[in-house]
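Me: Hi! Could you walk me through this one? I'd like to go feature by feature.

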Amino acid sequence: MGFLHWLRPDFLFSQLNAIDEERKPAGLSPAEEAKERIRVWQIIGIACVCLLLVHYGKYSSNLTALVKWCSDVMSDPSIYRDYHRYEYRELFGYIWWGGINLLGFLIIPMLAIRFWFKDSLREYGWQWGSVHHHWRGYVLLASPIMIFAIIASFGDDFSKHYPFYNRAHRSWFDLLSWEVIYVLQFIAVEFFFRGYLVNGLKRQFGSLSIAVMCLPYLMLHFPKLWPESFGAILFGFFLGVLALMSRSIWGGVMVHVSIALMMDFAALIQTKGLPHHW
């Protein structure tokens, strides 16, 4: 299958039709229909809790408040004072940010899948699947975004926005620590949107599960630059289709990580430069 084949609308629609054909067969009993409806509410309800947790819990101010509370409980003001003076305080804030993303977008959904729904994580894309058969689709998705990002890296808005961690240029320890956090949260994000939501709702909604996923995925990008938020609409849609085609989230993870690393390094090279020491 050549690259141009992936650009044909009829090929895309054929994949959506194939996804719809995998839906749970009609003719269920009233009891089975009720059970399926309850399952949809459970999946979406857990998703709402996870989105709330991540949105309000990810901020480093929550970590600062926690340190202040510990300092007050232990009647030791030096804990809070030393934390504010610590040279890696901003990095700790991003560790907190990454940890909340892992909890809300990966750990909680995985626990729900295994112990509430009694399903296998493989059914939700936690496997390699057939990613290697669809590599052209992932390359076509990532390439224009990477080209655009390289061009945008010459602009002040872009170079000031990335990397999120302002001290990533200080040392290779800072840069690599930040990138590990960044990569892990991408795994969590990809599992939540293209694994948990898309595969969890596929049985009831078919290809419409991709449309359901695209709404919160777009809103996740609202704090970012508007071109990135706009691109998230189509980006999320095509990643959803590819995730169902390949039965895996890992192609989307690789696309996200390659773009993110390229954007960070391009922005650093254009501004502060790469670190000179460990």
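Reply: Happy to. One term up front: a residue counts as buried when its relative accessible area is under 20%, as exposed when that area is over 50%, and as partly exposed in between. Also keep in mind that this is a predicted model.

Me: Thanks. Let's use that straight away: is Tyr217 buried or exposed?
Reply: Tyr217 has a relative accessible area of 1%, so it is buried.

Me: And which helix is Tyr217 in?
Reply: Tyr217 sits in α9. If you look from there to Met245, 28 residues apart along the chain, the C-alpha atoms are separated by 19 Å.

Me: Let me zoom out. How many helices and strands does the protein have?
Reply: There are 11 helices and 0 strands. Read along the sequence, the pattern is α-α-α-α-α-α-α-α-α-α-α.

Me: What does the C-alpha trace span along its principal axes?
Reply: About 65 × 50 × 30 Å.

Me: And what share of the residues is buried?
Reply: Buried residues account for 45% of the 278 in the protein.

Me: OK, helix packing. What's the angle between α5 and α8?
Reply: About 25 degrees, and the axes of α5 (residues 89-115) and α8 (residues 172-205) are 9 Å apart. Angles under 35 degrees count as roughly parallel, so α5 is roughly parallel to α8.

Me: Which hand does that crossing of α5 and α8 have?
Reply: α5 passes α8 in a left-handed crossing. The contact of α5 with α8 is made up of 21 nonpolar residues, 5 polar ones and no charged ones.

Me: Now α8 against α9. Parallel or antiparallel?
Reply: The two pack at an angle of about 150 degrees, with axes 7 Å apart. Angles over 145 degrees count as roughly antiparallel, so α8 is roughly antiparallel to α9. The crossing of α8 and α9 is right-handed.

Me: Switching to pockets. What volume does the second largest pocket have?
Reply: The second largest pocket comes to about 270 Å³.

Me: Which helices each supply at least two residues of its lining?
Reply: α2 (30-57) and α9 (208-220) do. The largest share of the lining, 4 residues, comes from α2.

Me: Can you name the residues that line the second largest pocket?
Reply: Sure, they are Leu51, Leu52, Val54, His55, Lys58, Phe105, Pro216, Met219, Leu220, Phe222 and Pro223.

Me: And how do they divide into nonpolar, polar and charged?
Reply: The lining has 9 nonpolar residues, 1 polar and 1 charged.

Me: I always check backbone torsions in a model. Which sign does phi have at Ser75?
Reply: Positive: phi of Ser75 is near 50 degrees, and this is a residue other than glycine. Ser75 is found in the loop between α3 (60-73) and α4 (77-85). With a relative accessible area of 63%, Ser75 is exposed.

Me: What about phi of Arg247?
Reply: Arg247, also a residue other than glycine, has a positive phi, near 55 degrees. Look for Arg247 in the loop between α10 and α11. Its relative accessible area is 40%, so Arg247 is partly exposed.

Me: While we're there, what can you tell me about Leu239, in α10?
Reply: Leu239 lies in α10, which covers residues 226-246. Its relative accessible area is 1%, so Leu239 is buried. His256 is 17 residues away along the chain from Leu239, and their C-alpha atoms are separated by 9.9 Å.

Me: And Val253, in α11?
Reply: α11 runs over residues 250-270. Val253 has 5% relative accessibility, so it counts as buried. Val253 and Ile269 are 16 residues apart in sequence and 24 Å apart in space, C-alpha to C-alpha.

Me: Last one: how far apart are Asn17 and Gly206, in sequence and in space?
Reply: In sequence they are 189 residues apart, and in space 8.7 Å, C-alpha to C-alpha. Asn17 is part of α1 (residues 9-21). Its relative accessible area is 45%, so Asn17 is partly exposed.

Me: Great, that's what I was after. Thanks!

Terms used
Residues are numbered from 1 along each chain as its sequence is written. This is a predicted model: local features need pLDDT of at least 70, side-chain atom pairs count only at pLDDT 80 or more; totals for chains, interfaces and linings use all residues. Side-chain values use heavy atoms; hydrogens and water are left out. On a 1 Å grid over the protein atoms alone, a cavity is a set of points where a 1.4 Å probe fits but cannot get out, and a pocket is an open set with protein on both sides within 12 Å along at least five of seven lines; lining residues have an atom within 4 Å of a point. Grid points are joined across faces, edges and corners, and a volume is the space filled by probe spheres set on the points. Ala, Val, Leu, Ile, Met, Phe, Trp, Tyr, Cys and Pro count as nonpolar, Asp, Glu, Lys and Arg as charged, and the others, Gly among them, as polar. Axes are lines fitted to C-alpha atoms, for helices over the stretch in contact, and angles run from 0 to 180 degrees between N-to-C directions. Angles under 35 degrees count as roughly parallel, over 145 as roughly antiparallel, 65 to 115 as roughly perpendicular and the rest as oblique. A crossing is left-handed if the near helix is turned anticlockwise from the far one by less than a right angle, and right-handed if clockwise. Buried means under 20% relative accessible area, exposed over 50%, partly exposed in between (1.4 Å probe, protein chains only).
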